[in-house]
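Please look over the model shown here with an eye to how its helices pack and how its loops behave. The briefing is meant to be read beside the coordinates.

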Amino acid sequence: MTAFVLEARDVGVRFGGVRALHGVGLGLRPGEVCGLIGPNGAGKTTLFDVLSGIRRADEGRIVLAGADITRRSPVWRARHGLRRTFQRQQLFGQLTVRDNLLVAQEWRRGAAASRRERAAAVLHECGLDPLAERYAGGLPVGQARMVELARALADPPRVLLLDEPASGMSADERARLASVIRHTAEERNCAVLLVEHNVAFVMELCSRVVVLDLGEVLAEGTAQEIRADPRVAAAYLGTQDVSRTPPAAPPAAGR
Ligand SMILES: Nc1ncnc2c1ncn2[C@@H]1O[C@H](COP(=O)(O)OP(=O)(O)OP(=O)(O)O)[C@@H](O)[C@H]1O
Ligand SMILES: [Mg+2]
């Protein structure tokens with residue numbers, strides 16, 4: 001079985017009295033799309049923050065391609081191919097869509113022409129050609145989320161962490177998003193970890209799903225196994241039953 005490209009080992013995070021994550025272990029393989037679901041406050045974004053280096057875990061280790069990166073900065077991690085998008089969007093609003101992608105590659109030496117070429121290819125793949133010269137700050141949330149994804153892809157990632165990328169998207173935008181995620185995983189051998197409240201979207205796209213609840217891994221398995229797991233249904237009680245319909249979507253722009 002292929003080795004993990006990214007691993008969280010026994011990760012724990014506390015916010016004062018709140019145990020946001022406890023003993024969380026998770027591994028991603030190259031080329032797979034893994035879903036991460038769980039009720040509001042389960043710890044999904046906190047896990048992304050720890051994986052991407054924005055937050056230091058109180059316990060546990062993060063391992064990238066076999067190397068311990070627990071103490072590495074977010075910038076170091078990004079430059080080694082670990083990229084993410086944010087639940088609360090973080091685009092450069094004063095820059096055009098194209099420049100948002102160019103900035104993401106700026107650290108790379110070499111010809112500016114190749115960076116421009118790469119940006120153009122990713123814009124095209126994401127259906128963003130018509131928006132390339134628009135300021136990112138003025139875009140509706142669905143389009144802005146696609147730009148954030150494009151920016152994460154501008155410099156080819158090894159691991160892509162997507163925090164509610166479909167939230168605020170139209171059905172057409174969601175279909176494009178699904179196809180870009182699939183292509184990124186399958187053609188570029190990138191590992192994708194997808195957080196989404198739209199469980200139907202997750203189940204369709206992900207070969208494997210991990211369920212977090214109250215900061216702990218509650219279940220892990222194929223989409224089919226997760227749908228049938230009574231513990232997962234119980235964790236969602238009060239929202240909806242995952243075996244039939246997705247839980248209520250969060251507000252369009254995240255929190
Ligand atoms: N900066 C913070 N300070 C204090 N508590 C926090 C902070 N960030 C998150 N928490 C708490 O940690 C827990 C996990 O939050 P987190 O945002 O990771 O959940 P989530 O699964 O991403 O939820 P959602 O689905 O609503 O985005 C929650 O109880 C939350 O209130
Ligand atoms: Mg979150």
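What follows is a set of notes on helices, their packing and selected loop residues.

The model is a predicted one, and local features are described where pLDDT is at least 70. The notes begin with helix 6, which spans residues 171-188, then move to helix 1 and helix 3, to two helix pairs that both cross in a right-handed sense, and finally to loop residues, among them Ala65 and Leu214, which have a positive phi without being glycines.

**Helix 6**

- Helix 6 comprises 18 residues and extends 25 Å from its first C-alpha to its last, which is close to the 26 Å expected at 1.5 Å a residue.
- The buried residues in helix 6 are Glu173, Leu177, Ile181, Thr184 and Ala185. Viewed down the axis of helix 6, these buried residues fall within an arc of 100°, and therefore they line one face of the helix.
- As general background, an α-helix has 3.6 residues a turn, so residues three or four places apart point the same way.
- Ala171, Asp172, Ala175, Glu186 and Glu187 are exposed on the other side of helix 6.
- The partners against which the buried residues of helix 6 pack are strand 3 (33-37), helix 5 (141-154), strand 7 (159-163), strand 8 (191-195) and helix 7 (199-205).
- Asn189 follows helix 6 and has a positive phi, near 60°.

**Helix 1 and helix 3**

- Helix 1 is largely enclosed by the rest of the structure, because eight of its nine residues are buried. Those buried residues are Lys44, Thr45, Thr46, Leu47, Phe48, Asp49, Val50 and Leu51.
- Gly53, just after helix 1, takes a positive phi of about 90°.
- In helix 3, the buried residues are Val97, Arg98, Asn100, Leu101 and Ala104. Seen down the axis of helix 3, they fall within an arc of 160°, so they too line one face of the helix.
- The packing partners of the buried residues of helix 3 are helix 4 and helix 5.

**Helix pairs**

- Two packed helices are described by the angle between their axes and the distance between the axes.
- Helix 3 (residues 97-104) packs with helix 4 (residues 112-125) at an angle of about 125°, the axes being 9 Å apart. That angle makes helix 3 oblique to helix 4, and the crossing of this pair is right-handed.
- At the meeting of these two helices, Arg98, Leu101 and Leu102 in helix 3 come up against Arg115, Ala119, Val122 and Leu123 in helix 4.
- Helix 4 also packs with helix 5, at an angle of about 140° and with the axes 9 Å apart. Helix 4 and helix 5 are therefore oblique to each other, since an angle has to be over 145 degrees to count as roughly antiparallel; their crossing is right-handed.
- From helix 4, Arg118, Ala119, Val122 and Leu123 meet Ala150, Leu153 and Ala154 of helix 5. Ala119, Val122 and Leu123 thus appear both in the contacts with helix 3 and in those with helix 5.

**The loop after helix 1**

- Arg55 lies in the loop between helix 1 (44-52) and strand 4 (59-64), and Arg56 is found in that loop as well.
- Arg55 is partly exposed, with 18 other C-beta atoms within 10 Å, whereas Arg56 is exposed, with 11 other C-beta atoms within 10 Å.
- Leaving aside residues up to four places away in sequence, Arg55 touches Val13, Thr46, Asp49 and Val50; of these, Thr46, Asp49 and Val50 are among the buried residues of helix 1.
- From C-alpha to C-alpha, Arg55 and Gly81 are 18 Å apart in space, and they are 26 residues apart in sequence.
- Arg56 and Val11 are 45 residues apart along the chain, and their C-alpha atoms are separated by 9.9 Å.

**Positive phi outside glycine**

- Most residues other than glycine have a negative phi.
- Ala65, although not a glycine, has a positive phi of about 45°; Ala65 is found in the loop between strand 4 and strand 5 (67-68), and counts as partly exposed, with 16 C-beta neighbours inside 10 Å.
- Leu214, likewise not a glycine, has a positive phi of about 50°. Leu214 is found in the loop between strand 9 (208-213) and strand 10 (216-221), and is partly exposed, with 16 other C-beta atoms within 10 Å.

Notes:
Residues are numbered from 1 along each chain as its sequence is written. Chains are lettered from A and ligands numbered from 1 in the order in which they are written. This is a predicted model: local features need pLDDT of at least 70, side-chain atom pairs count only at pLDDT 80 or more; totals for chains, interfaces and linings use all residues. Helices (H or I, at least four residues) and strands (E, at least two) are DSSP runs, numbered from the N terminus. The expected span of a helix is 1.5 Å times one less than its number of residues. A residue is buried if 20 or more other C-beta atoms lie within 10 Å of its own, exposed if 12 or fewer, and partly exposed in between; C-beta atoms are placed from the backbone. The arc is that of the directions from the helix axis to the C-beta atoms. Two residues are in contact if their C-beta atoms, placed from the backbone, lie within 7 Å. Axes are lines fitted to C-alpha atoms, for helices over the stretch in contact, and angles run from 0 to 180 degrees between N-to-C directions. Angles under 35 degrees count as roughly parallel, over 145 as roughly antiparallel, 65 to 115 as roughly perpendicular and the rest as oblique. A crossing is left-handed if the near helix is turned anticlockwise from the far one by less than a right angle, and right-handed if clockwise.
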